[in-house]
Amino acid sequence: MGRRKKPIIRDLEITDIAAEGVSIGRHDNYVIFVRGVIPGDIVDVQLTRTSKAYSESRLLEIKEYSKDRIEPFCSHFNRCGGCKWQMLPYEKQLFYKQKQVVDQLTRIGGLDVNSINNIIPASETEFYRNKLEYTFANRRWLEENEPEMDKDSRELEGLGFHVQGMFDRIIDINKCYLQKDTSNEIRNKIREFTKADGYNYYNSRSHEGFMRNIIIRITEFGEIMVVVIFADDNEELRIKLMDYIAEEFPQITSLQYVINKKFNDSIYDQEVVLYKGKDHIFEELDGLKFKINAKSFFQTNTKQTLNLYRKTVEYANIQPDEIIYDLYTGTGTIANYIANKCKKVVGIESVPEAIEDAKVNSELNNITNTSFYAGDMKDILNEDFIKGNGKPDTIILDPPRAGIHENVINAIRFASPHKIVYVSCNPATQARDISMLSDMYDVLDIQPVDTFPHTHHVENIVSLVKRD
Ligand SMILES: C[S@@+](CC[C@H](N)C(=O)[O-])C[C@H]1O[C@@H](n2cnc3c(N)ncnc32)[C@H](O)[C@@H]1O
């Protein structure tokens, strides 16, 4: 028996954008999720995964474009996994991000969001990232107008970003609008040099090839870190390329490399070797210096991070005699940022190297009232820990997208701080977590912040106060 053909829905009007930036249309009240379109578009789609209440779909054709659409500025738009909202004017992006926060907090958290503030827009909507990672691949994505090529052709090699949803296909990026233009120059020159000199690009299926990744970090100070990741140890080729980069770009202040022979791209368990300059760069936030090495986590949009932290501090309303816990502290950025306003800060984070950086950042800024602990939050933050470190007056938390574990909720309840400031990059899990505290805490303020223009991502800060 042949498989039943999935239904096609014609002339569907896209009316809204739901969670994770996926657009929706309604056909006889049945919700259909459609990717790559915006409200006002009229489309034909084929239903894919269907359930009683809704269906995913595959876009067949945009029949009529929304009057809100604008021309995307990037030539790689559509294929590339980044900046997917370029066809939406920035004010509309902000509108849908704000709406996403309201929807999640009310629908999932059951919260009253009358007090929500308008989202803080980004002052720079292009070239706002301080870190990018590019990938080499021996099979790049071929555009429709390109000629057929022999499978061994060097023309097939590419350096750039993954095609949406494809781990082994790379879009050969000529210009990316995410990081300052020096990043484009460095990437393009490395491509030119390695192609001309016959360096093999990596094949992530067969795990063959020499050139794997490049990580570029550029700080507001203008310091530049470049880390080249090779798949193998070929000293001659490595030195030739590293010398070329050093000569061509004397402005690079930290030039390093990694030889990663593993199957996955992560460098966190790999040795990073210094080739030229220092093994770190510095970033500054409101007069505080932060040391960043090749493996350090640092928020990727420095300017908006400042807005995020300033608002977090305002909401925490920190008093000089208070003990503050900074949960999920990363490299201790928030902890160090607030340290001079309170008696003591306790930071907890699962990555031991990040905790080492957090301590270094305290030393660098002559901060002596912080203490940092490495470990899984659900194991570390317990009654003994809280008794040992002192009950916090305020807890600031900035967890990963998955939100917080039930044990952590219970520990927060035990600690029962007067205030909680919850910073999140996922309003859905934030809403769920806050609802689990709503018998003890009231929402005082809500502040969305746009840290990633042209994407659906949004940061959201919620301040909570303990009920008397
Ligand atoms: C969104 S980042 C916040 C970083 C930091 N607040 C900042 O602004 O730079 C979340 C952090 O939580 C850490 N993390 C993830 N899961 C964790 C867990 N189970 N226990 C402790 N920390 C965790 C991650 O390593 C990451 O550094």
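The C-alpha centres of domain 2 and domain 3 lie 34 Å apart. These two belong to a division of the chain into three parts: domain 1 covers residues 8-69, domain 2 combines 93-124 with 301-466, and domain 3 spans 131-285. The structure described here is a predicted model, and its features are best followed from the whole chain down to single residues.

The chain contains ten helices and 21 strands. Its radius of gyration is 24 Å, close to the 23 Å that the globule rule gives for 468 residues, and the chain is therefore as compact as a globular protein of that length. Along the principal axes, the C-alpha atoms fill a box of roughly 70 × 65 × 45 Å. Of the 468 residues, 40% count as buried.

One part of the fold to consider is a barrel. Five strands form this closed barrel, in the order S1-S2-S3-S5-S4, and their pairing is mixed. Neighbouring strands of this sheet are turned by 50° against each other on average, when direction is ignored. Within the barrel, strand S1 (residues 8-17) runs antiparallel to strand S2 (residues 23-27), and three bridges join them. The residue of S2 that stands opposite Ile17 is Ser23.

A further sheet is open. Seven strands make it up, in the order S17-S16-S15-S18-S19-S21-S20, again with mixed pairing. Its edges are strand S17 (370-374) and strand S20 (441-449), each of which pairs on one side only. From one strand to the next, the twist averages 15°.

The mixed character of the open sheet can be followed in individual pairs. Strand S15 (residues 323-327) and strand S16 (residues 344-349) are parallel and share five bridges; here Leu327 stands opposite Ile348 in S16. By contrast, strand S19 (residues 419-424) pairs with S21 in the antiparallel sense over six bridges, and Tyr422 has Val462 in S21 as its bridge partner. On its other pairing, with S20, strand S21 is also antiparallel, over eight bridges. In that pair, Val449 stands opposite Glu459 in S21. Strand S21 (residues 459-466) is mostly covered, since six of its eight residues are buried.

The surroundings of the ligand come next. Which residues come nearest to the ligand? Of the 17 residues around it, these are Tyr328, Gly330, Ser350, Met377 and Asp398. The shell around the ligand divides into nine nonpolar, five polar and three charged residues.

Finally, two residues deserve attention for their backbone angles. Most residues other than glycine have a negative phi. Cys83 has a positive phi, near 45°, and Asp286 likewise has a positive phi, near 45°. Cys83 is found in the loop between strand S5 (54-64) and helix H1 (90-107), whereas Asp286 is found in the loop between strand S13 (280-285) and strand S14 (288-293). Is Cys83 buried or exposed? Cys83 has 20 other C-beta atoms within 10 Å, and therefore counts as buried, because the cut-off for a buried residue is 20 or more. Asp286 has 9 other C-beta atoms within 10 Å and is therefore exposed, because a residue with 12 or fewer is placed in that class.

Methods. Residues numbered from 1 in each chain as written. Predicted model: local features only at pLDDT ≥ 70, side-chain atom pairs only at ≥ 80, totals over all residues. Pairing = 2+ DSSP bridges. Helix = DSSP H or I, 4+ residues; strand = E, 2+ residues; numbered from the N terminus. Axes fitted to C-alpha atoms, helices over the stretch in contact; angles between N-to-C directions. Domains from an automatic or database assignment. Near = placed C-beta within 6 Å. Nonpolar A, V, L, I, M, F, W, Y, C, P; charged D, E, K, R; others polar. Rg over C-alpha atoms; globule rule 2.2 N^0.38 Å.
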